[in-house]
Amino acid sequence: NILTGFIQHSSSSQIPSICSHNRVSRFSKDRTLMKKRKGKGRTQRKNRKKGKMMEITNTDERAVNADRISELPEHILHHILCLLRWPADLARTSILSKKWKVIWESFTSFDFDQRHFQCVNAADKWDHLQPLPVEKQSSIFKQAFESLGFVELPLIHKFILFVENTLGTRLYQLPSIQKFRLHVVFSVHLLAPFMNHWISVATDKNVNELDIHAKMDGKFYALPELVFASRTITSLKLYGCEVGDSTSIKLQNLRELSMKAMRINENIVHNFVQACPLIEDMRLINCYGLKFLHVSSLPKLNKFEVHERSSLRSVKLEAPNLETFWFQGKKSSRCKLILAGCGNLKNLTLKHSHMADKSFHELISHFPLLEKLFLLECRTLHRITILSDKLKTLSLVRCHKLKEANIDAPNLLSFEYTGAELPFSSMNASRLQEVKLHLKSQKQKSVQKFIEGFDGKGFKLFLASKQGVNIYEELRGLHLSYFGAYKIQLTKSARMVENLLNSHLRDFHPKTLILKTSLTSDLLVFIQERILNKEKTPPSCCKYYSKKCWRHYLDGAKMSLFPDASSAEYPNTILELKWSEAAPLPEDVEI
């Protein structure tokens, strides 16, 4: 657009001179003089055009070399910095330009992850770290650092230096900060005094998002009390931390609460619920000690997630605005779910090994607005019926004892099933766009009958095993061959088929690829460009990556074309793929 505007502006700037020249020529009586002037005018025009082309070329080069990233708004640049995980990469951005130095200095998210100090030769990588001048050192650093013993604990020293130096050079100058994340995975008991100080500094700086991960064997890290009195914290994520029954909680602006691998009880949950009325997202992941979970009086609660670690007996929620609920129980779990007060629920995920048919039907009867249902390893379900005109996504994964399923969901768009038997007695889903089946030792006739139900509805079939891939753009006259363990996906999207093929070639390096497509299919164009033309145009897609994609390991492909008597417009194309011996072994994952 810039180049086009430049050309238009340059062209319009000529008009007065050309018109003036024509006007003089028209009224001139001397023809000889007129010819001379015309010749001179041509030369001038050529020179002007040549000059214009040079200007356009220069403008084009400037457009190519322009630093457009630096011109993005500051909040977007801050988001880009958040995506850089390695601290050294984050710090290097400050020397790119003066603007990036300002962006770096105004960046208010701090992420300290001790795992960066666990890698091989980590001590050598952080050798450049030295203590700040004495006047900039914190009091806890002066008191405790030397007592740790530098020779015995070099990595702990380097981590402390990294955090202390970052706080001393950047955080202390800021009036407030957006996020403070501290991830400690070893020697928490030695680092506890420093952690208390760092977290207190973040709290004093009016932090909005606080994320503390403290991994200890058999013990829990006790957070400073002032954390629970913060008026600015809106997101609190805790792992392996200790919260006592008597802890005074006054987080009046808290909207997101996550507690993982912690010892909690009913009183602690009650204290949070009573003191934090604005909570919208609450997650209790693999926590100990909780037997009865009852949550109410949270009018803004939108998402609730529970992953059971100990013997949870019941979960009772009264949240009229709850839209997402996720329960993941242990194999031995017999937890009772009471969600009658959650009539606006839209997304439900259940992993419950002891949920009976009656309990399931009673539970979902309370959710008339349900749009997404995911049942994972619900091993005691035998016969279920799902009736919903709102349901858009349904997944039934490894519910091994399910023998009969009746689905009446006319607005269902996506369906997924994983198991050994197809249990569907009836399925009314006229708007389906995508079907995923992951099957093992399946009876061939029942699978083919199920797929034939989608014939004439615009579906494409992707069928794959570790050894081969079959893709059908026409389901008429389909005959499935036995693959053992394989996955089947039906989709109306041509782009989705290409993505599936790309992913499968990367993961498994299959030996054969069979296509049933029209000769004008976009899929054949994709095959031509990515596989058959590989020798003419070697792949340059991964030149900046050490781990290469599948195209770099494909030595060659032999293609054969066979007409199909049942459908002349859709002949069979067979490709035999040869992979390099240097190719990494296919990943040992399930289909």
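**Aromatic pairs, a C-terminal-side helix and a parallel sheet**Both Phe 450 and Phe 454 are buried in this model, which is a predicted one. The centres of their two rings lie 5.5 Å apart and the planes meet at 65°, an angle over the 60 degrees required, so the pair of Phe 450 and Phe 454 is classed as edge-to-face. By the rule applied here, the count of aromatic pairs comes to 15. Another edge-to-face pair is made by Phe 112 and Phe 162, whose ring centres are separated by 5.8 Å and whose planes stand at 75°. This pair connects distant parts of the chain, since Phe 112 belongs to strand E1 (residues 109-113) and Phe 162 to helix H8 (residues 154-169), with the two positions 50 residues apart. Phe 112 has a relative accessible area of 1% and is therefore buried, and Phe 162, with a value of 13%, is likewise buried. Phe 112 and Phe 162 also belong to one aromatic cluster, whose further members are Phe 110, Phe 117, Phe 159, Phe 180, Phe 194 and Trp 198.

His 213 is located in strand E3 (residues 209-214). Its relative accessibility is 15%, and because the limit for a buried residue is 20%, His 213 counts as buried. When residues up to four places away in sequence are set aside, the contacts of His 213 are with Leu 182, His 183, Val 184 and Tyr 239.

Helix H13 (residues 494-508) comprises 15 residues, for which a rise of 1.5 Å a residue predicts a span of 21 Å; the C-alpha atoms at its ends are 21 Å apart, in agreement with that expectation. At the N-terminal end, H13 is capped by Ser 493, a side-chain oxygen of which lies 3.4 Å from the backbone nitrogen of Arg 495. Just after the helix, His 509 adopts a positive phi of about 50°. The buried residues of H13 are Val 497, Glu 498, Leu 500, Leu 501, His 504, Leu 505, Asp 507 and Phe 508. An α-helix has 3.6 residues a turn, so residues three or four places apart point the same way. The buried residues of H13 pack against strands E22 (460-464), E23 (468-472), E24 (486-491), E25 (512-516) and E27 (572-579), as well as against helix H14 (522-532).

Three strands make up an open sheet with parallel pairing, in the order E16-E18-E20. Strand E16 (383-387) and strand E20 (424-428) occupy the edges, and because each has a single partner strand, one side of each is left without a neighbour in the sheet. On average, neighbouring strands of this sheet are turned by 5° against each other, direction ignored. The parallel pairing of E16 with E18 extends over five bridges, whereas that of strand E18 (residues 404-408) with E20 extends over four. Ile 407 in E18 stands opposite Ile 386, and Ile 407 also stands opposite Met 427 in E20. In a regular strand the side chains alternate between the two faces of the sheet. In E16, the covered face carries Ile 384 and Ile 386, while the uncovered face carries Arg 383, Thr 385 and Leu 387.

Conventions: Residues are numbered from 1 along each chain as its sequence is written. This is a predicted model: local features need pLDDT of at least 70, side-chain atom pairs count only at pLDDT 80 or more; totals for chains, interfaces and linings use all residues. Side-chain values use heavy atoms; hydrogens and water are left out. Buried means under 20% relative accessible area, exposed over 50%, partly exposed in between (1.4 Å probe, protein chains only). Contact means heavy atoms within 4.5 Å. Rings of Phe, Tyr and Trp (its six-membered ring) pair if their centres lie within 6.5 Å; planes under 30 degrees apart count as stacked, over 60 as edge-to-face and the rest as tilted. The expected span of a helix is 1.5 Å times one less than its number of residues. A polar contact is a pair of N or O atoms within 3.5 Å; within protein, one must be able to donate a hydrogen and the other to accept it, and residues adjacent in sequence count only if both atoms are side-chain atoms. Two strands pair if DSSP finds at least two bridges between them. Axes are lines fitted to C-alpha atoms, for helices over the stretch in contact, and angles run from 0 to 180 degrees between N-to-C directions.
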